[in-house]
Amino acid sequence: QVQLVESGGGLVQPGGSLRLSCAASGSIFSITAMGWYRQAPGKERELVATITSGGTTNYADSVKGRFTISRDNAKNTVHLQMNSLKPEDTAVYYCNVDWRGAPYMAYDRSWGQGTQVTVSS
């Protein structure tokens, strides 16, 4: 099994920045896509950003130009740099990874426990 540990959430004023990190550990042979989702109170979980093993990125329109996703393949870690934060970015942020434990196995998806990001003055 794979464990994901997230860090970096907190309270920040509008216009501020935060950097989220998510480290994957366990019986991992390889990881393809890694990503971040978020869920605000009363809303469905939504995609924030994803990154492939080759470095191709995808962002929600609402965060383009403000958020940057990156990964360290050697450390099985994904980061989300969030700049120019807005109150509407307030949510619980979840990381996920698509991984497999051996070359003959299908990929599985694991989720982190979530980290709270609050943007408020």
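**Exercise 1. How many disulfides does the count come to?**

Work on the predicted model shown above. Find the cysteines, place them in the strands and give the handedness.

*Solution.*
- Step 1. The count comes to one disulfide.
- Step 2. Cys22 is joined to Cys95, with S to S at 2.0 Å. The cut-off for sulfur atoms is within 2.5 Å, so the pair qualifies.
- Step 3. Cys22 belongs to strand β3 and Cys95 to strand β9. They stand 73 residues apart, so the bond links distant parts of the chain.
- Step 4. The torsion about the S-S bond is about 45°, so this disulfide is right-handed.
- Step 5. Check the surroundings: both Cys22 and Cys95 are buried.

**Exercise 2. Characterise the aromatic pair and the charge near its rings.**

Which residues form the aromatic pair, and what is its geometry?

*Solution.*
- Step 1. Searching the whole structure gives one aromatic pair.
- Step 2. The partners are Tyr37 and Trp111, with 5.1 Å centre to centre and 65° between the planes. Planes over 60 degrees apart count as edge-to-face, so that is the class here.
- Step 3. Tyr37 is in strand β4 (residues 30-39), while Trp111 is in strand β10 (residues 108-111). The two are 74 residues apart, and the pair links distant parts of the chain.
- Step 4. Is each partner buried or partly exposed? Tyr37 has a relative accessible area of 18% and is buried. Trp111 has 35% relative accessibility and counts as partly exposed.
- Step 5. Add the charge. Arg45 lies over the face of Trp111, 4.7 Å from the ring centre. The charged end of Arg45 also sits over the ring of Tyr94, 3.8 Å from its centre.

**Exercise 3. Describe the largest nonpolar core.**

Which strand gives the most to this core? Name the residues with the most contacts inside it, then follow one of them outward.

*Solution.*
- Step 1. The largest nonpolar core has 30 residues.
- Step 2. Trp36, Leu80, Met82 and Tyr93 have the most contacts inside it.
- Step 3. Several strands supply at least two residues each, among them β1 (2-7), β3 (18-26), β4 and β11 (115-119). Strand β9 gives the most, with five residues.
- Step 4. Follow Tyr93. Leaving out residues up to four places away in sequence, Tyr93 touches residues including Trp36, Leu80 and Met82. Tyr37, from the aromatic pair, is also among the contacts of Tyr93.

**Exercise 4. Trace the strands from β4 through β5 to β6.**

In which sense do β4 and β5 pair? Give the bridges, the partners and the glycines along the way.

*Solution.*
- Step 1. β4 and β5 pair in the antiparallel sense over five bridges. Leu47 in β5 is the bridge partner of Tyr37.
- Step 2. The β4 and β5 hairpin has six residues between the strands. Here Gly42 takes a positive phi near 75°.
- Step 3. β5 and strand β6 (residues 57-59) run antiparallel, joined by three bridges. Ala49 stands opposite Tyr59 in β6.
- Step 4. β5 and β6 form a hairpin with five residues between them. Gly55 in the turn has a positive phi of about 100°.
- Step 5. Is Gly54, in the loop between β5 and β6, buried or exposed? Gly54 has a relative accessible area of 70% and is exposed.
- Step 6. Finish with a distance. Gly54 and Ser70 are 16 residues apart in sequence and 11 Å apart in space, C-alpha to C-alpha.

Conventions. Residues numbered from 1 in each chain as written. Predicted model: local features only at pLDDT ≥ 70, side-chain atom pairs only at ≥ 80, totals over all residues. Heavy atoms only, no water. Phe/Tyr/Trp six-rings, centres within 6.5 Å; stacked < 30°, edge-to-face > 60°. Helix = DSSP H or I, 4+ residues; strand = E, 2+ residues; numbered from the N terminus. Buried < 20%, exposed > 50% of the residue type's maximum accessible area, 1.4 Å probe, protein only. Lys NZ or Arg CZ within 6 Å of the ring centre and 35° of its normal. Core = buried A, V, L, I, M, F, W, Y, C linked by side-chain atoms within 4.5 Å. Contact = heavy atoms within 4.5 Å. Pairing = 2+ DSSP bridges.
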